[in-house]
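Grab your viewer and work through these exercises on salt bridges, helices and surface. Each one has a task, then a solution in steps.

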Amino acid sequence: MAHQPVVLVGVDGTRTSAVAAQWAAREARRLGWGLHLVTTYALPSFPHLSLDGSYAALDDAPIRASAKALLEEATAAVADSEVEVTSSLEVGDAAGVLVELSRDAGLAVVGTRGRGGFADRLLGTVSSALPAHAHCPTVVVPVREGRDVLSPIRSIAVGVDGSQGSAQALERAIAEAQLWDAELTAVAAAPLASGAGVLAVLPPPLERESVLADFATGLDLEVDTVLAGRDVQVKREVVEGTGAEVLSAFSERVDLLVVGTRGRGGFAGLLLGSTSQTLLYHTRCPLLVVPTNLDEAQQRVNNRRRP
C-alpha cells in the first residue's frame, strides 16, 4: 500500500462538501501535505432501450459534464489554500470510490448532511461504513447551525477505554494537539448505572467513588504509557455515562473529537452498534476516526508532519 502525504476529500456540489473541502485544505496546509478532491458519478443500473426495442449505449456525457463542472468549482474554491491541489472525476458509487482511494491517502475527509453526498451514502443505511472500511484515518465534518467548524483547532478531546483502538486514537490526538498547539483532554466514559431510563439503578455512593477511582487509574495508566516521556500536557477526565453520551457532550465544547475503531463496524469498547450512529450523526464538531488496522506505511505517513 503506497500511502502518500495527501488529504483526500469528497465533494458533491453541496454546501456541506464545500465546508469539508475547506476543512481538508486547512488541515493539509497545517500538515504540509497535498490535497486531492474527488467527485463521482454513477450511470443508471437499468438498461437503456431504443425506440425499436433494442438495447442502446447510454450517453454519459451530460452526467459527466455536470460532475466535472462541480469538481472544477470545488477545486477553484480551494485554489488559494497554499497547498498542492489535485482532483479526479471517478465513475462509481461514492462510498466505494472514496474507500478505495483511501488506500493511497494519509487522511480522508467528508461532510455530513449533504443532499445525497458522500457522508450520507457512507453513513446512511450502513452507519459505520466509513470508519469500518477506510484504509486511513477519516474526518467527518458536520455542518450545524450556530457552529463554525472552520475555526482554529484550540481544544481536542479523545475517547480512551484501554483498547488498542483508543491507544492509536490517543497517539493521533497527541499529534493533532502538537500540530495545532491545542489543549488535549483524554476522556473515559464510566457507565455506572445498570438498566435504562427511570429503571436505571445507581451504585451506592462509596462503591461509585471506588469505580470512578478505578476508571481514573486506568485512564492515567493508558495516557502515561502512550506519552512515554514526551513533553505533552494531557488533561484527564472520567465522566459518568455511555461513550456516545459523554463524547457527544464533549463535541459541544471542543474543536475536534478523536475516537478509535476496530475497523469492523463499531468503535472499540466506547461505541458499539447503534451508539456509533449516535456519535456520527450528532457530533457538533469534526470527528476524527482512527482505524486500528493501520499498516506501518500508513503510520509513517501520519508521522510526516511539518516541522
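**Exercise 1.** Work out which side chain E100 meets in a salt bridge, and at what N to O distance.

*Solution.* Start with the rule: a salt bridge is a side-chain nitrogen of Lys or Arg within 4 Å of a carboxyl oxygen of Asp or Glu. The partner of E100 is R103, at 3.2 Å from N to O. Next, accessibility: E100 comes out partly exposed at 46%, and R103 is partly exposed too, with 30%. The cut-offs are under 20% relative accessible area for buried, over 50% for exposed, and partly exposed in between (1.4 Å probe, protein chains only). Apply the salt-bridge rule throughout and you get eight salt bridges.

Before going on, a word on the input: this is a predicted model, where local features need pLDDT of at least 70 and side-chain atom pairs count only at pLDDT 80 or more, while totals for chains, interfaces and linings use all residues. Residues are numbered from 1 along each chain as its sequence is written, and side-chain values use heavy atoms, leaving out hydrogens and water.

**Exercise 2.** Find the salt-bridge partner of R236, and say which elements the pair ties together.

*Solution.* Look for the closest N and O atoms: R236 and D220 have theirs 2.9 Å apart. Now place them: R236 sits in strand 8 (residues 234-240) and D220 in helix 7 (residues 205-227), so the pair ties together parts 16 residues apart in sequence. Helices (H or I, at least four residues) and strands (E, at least two) are DSSP runs, numbered from the N terminus. As for cover, R236 is partly exposed at 30%, and D220 is partly exposed at 31%. Finally, widen the view: D224 joins D220 and R236 in a network of salt bridges.

**Exercise 3.** Track down the salt bridge made by E237 and locate both ends.

*Solution.* The side chain of E237 meets R253 at 3.3 Å, N to O. E237 belongs to strand 8, while R253 is in the loop between helix 8 (243-250) and strand 9 (256-261), so this pair links distant parts of the chain, 16 residues apart. E237 is partly exposed at 22%, whereas R253 is exposed at 52%.

**Exercise 4.** Check the span of helix 2, then decide where its buried residues point.

*Solution.* Helix 2 (residues 61-77) has 17 residues, and its end C-alpha atoms are 24 Å apart, in agreement with the expected 24 Å. That expectation is 1.5 Å times one less than the number of residues. Its buried residues are A67, L71 and A74. They cover an arc of only 60 degrees around the axis, which puts them on the same side of helix 2; the arc is taken from the directions from the helix axis to the C-beta atoms. Here's the background: an α-helix has 3.6 residues a turn, so residues three or four places apart point the same way. The face turned away from the buried side carries the exposed residues P62, E73 and A76. Strand 2 (34-41) and strand 3 (85-91) are among the cover over the buried residues, with contact meaning heavy atoms within 4.5 Å.

**Exercise 5.** How many residues of helix 1 are buried, and what follows just after this helix?

*Solution.* Helix 1 (residues 15-31) is mostly covered, with 12 of its 17 residues buried. Among them are W23, R26 and E27. The cover includes strand 1 (6-10), strand 4 (107-111) and helix 6 (164-180). Just past the helix, G32 takes a positive phi of about 80 degrees.
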